[in-house]
Amino acid sequence: MEARLLKRISGFSKSMLDKTRTMLSSNAPAPVALIVPRAEHPVSRKLISHNALKVLNRLHEGGFAAYLVGGGVRDALVGLKPKDFDVATNASPEEVKALFRNSRIIGRRFRLVHVVYGRDIIEVATFRAAHNKGDGGEIGESGRIVRDNVFGSIEEDALRRDFSVNALYYNIADHSIVDYTGGLEDIDGKVFRLIGDPVTRCEEDPVRVLRAVRLASKLEFDIDEKTLSAMSKTAHLLADVPPARMFEEVLKLFQGGYAQRSFHAVREHELLVYLFPLLHKRLQANESAELMSMLNAALKNTDKRVAQNKPITPAYLLAFMLWPDVEERARKAIADGAHIGDALHGAADEVMAIQLKAISIPKRFSGPMREIWLLQPRLEQWRGNRSLKLLENRRFRAAYDFLCLRAKTEPLLTPVARWWTELQELDEEAQAEFAVNKPTVSGLWGGNAPGAARSKKRRRRRSTKKTAAKKTPSDVSKKQGSDG
Ligand code: ATP
Ligand code: MG
């Protein structure tokens with residue numbers, strides 16, 4: 001039924017689209033909209049959150065135009081349950097703010113109003129024109145938009161959005177869908193197509209390259225050929241995107257419930273180097289089946305948790321992406337005589353320093369990542385009461401999950417991972433007994449590593465050598481709790 005409706009719409013939309021394109025290429029002032037009445041599209045109010053409807057209705061009653069736009073409309077049209085709802089209106093941010101006591105104006109690059117209902121936030125944006133019109137916009141080096149606050153009409157608002165399928169508007173006044181960019185046709189053809197000249201649009205905001213890859217993975221759409229070729233021409237600009245913005249995109253890539261598809265698409269489009277440069281280099285050199293299978297397991301696990309509505313933390317997945325390099329560097333330091341805990345601390349510092357140039361990782365995540373890494377040798381080697389104490393560590397769960405996934409590709413870890421699984425099924429008394437016979441892992445960290453006794457002499461020598469240059473790994477380990 002829905003498919004048939006869309007088919008009709010798309011047939012209709014094709015002729016409208018041709019007209020729109022003709023108008024755009026001529027000197028006509030504004031494109032013609034295709035308006036699809038409620039009876040002919042599948043977006044029902046049931047698919048829209050209660051709070052988003054409240055915002056739309058209040059704006060409408062206040063005499064303003066109010067539309068749902070972006071991912072919410074797009075997802076509803078393809079039959080996915082929309083997650084976030086963005087509202088576009090002709091009311092200014094101040095007018096919106098005056099209508100909602102529970103709202104605040106935010107942003108500099110984009111001034112928006114957040115209407116806050118507890119943890120649910122509805123974003124309300126005033127229609128915006130192209131950044132090069134009026135004096136509220138600003139273009140920086142390499143054609144990038146740095147300020148984008150020129151208010152405009154709904155038509156102009158549609159044309160400055162990224163993809164045609166992201167520029168569909170659901171009008172609360174009559175529940176119709178309004179299409180200025182051929183988005184309905186692209187929904188039907190399952191394509192992501194940049195609006196306007198694709199190279200210019202990618203230069204304006206290189207993150208659109210990542211968005212195309214991410215959203216095409218999410219919806220399992222194709223990317224239009226011209227868009228695709230613009231993406232490969234401009235992908236290098238991602239290297240200059242501020243790391244904080246890259247981190248936001250990474251969160252969306254890997255926390256939306258389609259992390260596995262995202263990761264493979266990122267690799268396919270040769271974008272991994274901008275996100276995880278060390279992992280990229282490693283996979284270029286040798287795409288080992290073990291590494292791929294560990295990463296796939298971690299990605300799959302994340303997607304599964306999202307599907308089950310279980311809490312997820314970016315720390316877990318990020319810890320996996322960086323682990324092979326942390327592990328390799330730690331092994332080298334151990335071969336040079338470092339103790340395993342110090343070696344891991346030092347390796348984590350080095351790897352993080354490289355990683356943070358690509359994407360920033362807030363301390364609230366990088367802290368737990370280190371903790372997960374540092375717990376690995378303890379889970380492997382500690383026995384008796386010491387091992388039982390680890391159960392109380394606040395990162396135990398994540399570190400144990402991490403160990404189990406490592407065990408999938410490292411047979412030496414299988415007995416110890418199994419032991420931890422069995423331990424958690426026992427009551428306290430039985431646990432104490434069980435802990436005595438904990439298997440330990442040997443040979444994993446190379447020559448003189450575990451459970452090799454800590455050589456004080458060697459440690460001291462290492463420390464003095466390094467203090468001149470920077471904080472030594474052993475200093476760090478003292479501060480964060482010593483390693484055994
Ligand atoms: P998701 O399913 O990830 O939420 P989305 O398309 O809704 O996908 P948002 O980041 O929530 O993504 O953005 C909402 C809308 O804002 C988009 O659909 C698009 O219309 C517009 N938009 C977002 N980012 C850009 C951008 N970089 N350039 C142009 N328009 C953008
Ligand atoms: Mg969205």
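Start with three helices: select α3 (71–78), α8 (207–219) and α10 (243–255) in this predicted model. Each of them supplies at least two residues of the shell around ligand 1. Keep α8 highlighted, as this helix gives the most to that shell, with 5 residues.

Next, display ligand 1 together with its surroundings. There are 17 residues around ligand 1, and those that come nearest are R74, D205, R208, R214 and K218. Colour the shell by residue class: 13 residues are charged, 3 are polar and 1 is nonpolar.

Now look at individual atom pairs at ligand 1. Which residues place a backbone N or O atom by an oxygen atom of the ligand? Select G71, where the distance from a backbone N or O atom to an oxygen atom of ligand 1 is 3.2 Å. Then go to N166, where a backbone N or O atom lies 2.9 Å from an oxygen atom of ligand 1. For a side-chain counterpart, pick K252: one of its polar side-chain atoms is 2.9 Å from an oxygen atom of ligand 1. With these contacts in view, switch on the surface of ligand 1. On its own the ligand has 590 Å² of accessible area, and the protein covers 85% of this.

Leave the ligand and select strands β2 (residues 66–69) and β3 (residues 86–89). Parallel or antiparallel, in which sense do β2 and β3 pair? The pairing is antiparallel and runs over 4 bridges. Centre on V87 in β3, and L68 will be found standing opposite.

Stay on V87 and add strand β6 (residues 120–126) to the selection. β6 and β3 pair in the parallel sense, over 4 bridges. Within β6, V124 is the bridge partner of V87. V87 can therefore be viewed with L68 opposite on one strand and V124 as partner in β6. While side chains are displayed here, one general point helps in reading the view: along a regular strand, side chains alternate between the two faces of the sheet.

Finally, zoom out to the whole protein chain and colour by secondary structure. The chain has 23 helices and 12 strands. Colour next by burial: of the 484 residues, 51% are buried. Turn on the molecular surface of the chain, whose accessible area comes to about 23200 Å². Carbon and sulfur atoms account for 51% of that surface.

A contact map makes the last stop. Taking contacts between residues at least 6 apart in sequence, 66% join residues at least 24 apart.

Technical notes
Residues numbered from 1 in each chain as written. Chains lettered and ligands numbered in written order. Predicted model: local features only at pLDDT ≥ 70, side-chain atom pairs only at ≥ 80, totals over all residues. Heavy atoms only, no water. Near = heavy atom within 4 Å. Polar contact = N/O pair within 3.5 Å; in protein donor to acceptor, adjacent residues only side chain to side chain. Areas by Shrake-Rupley, 256 points an atom, 1.4 Å probe, with all protein chains shown as cover. Nonpolar A, V, L, I, M, F, W, Y, C, P; charged D, E, K, R; others polar. Buried < 20%, exposed > 50% of the residue type's maximum accessible area, 1.4 Å probe, protein only. Contact = heavy atoms within 4.5 Å. Pairing = 2+ DSSP bridges.
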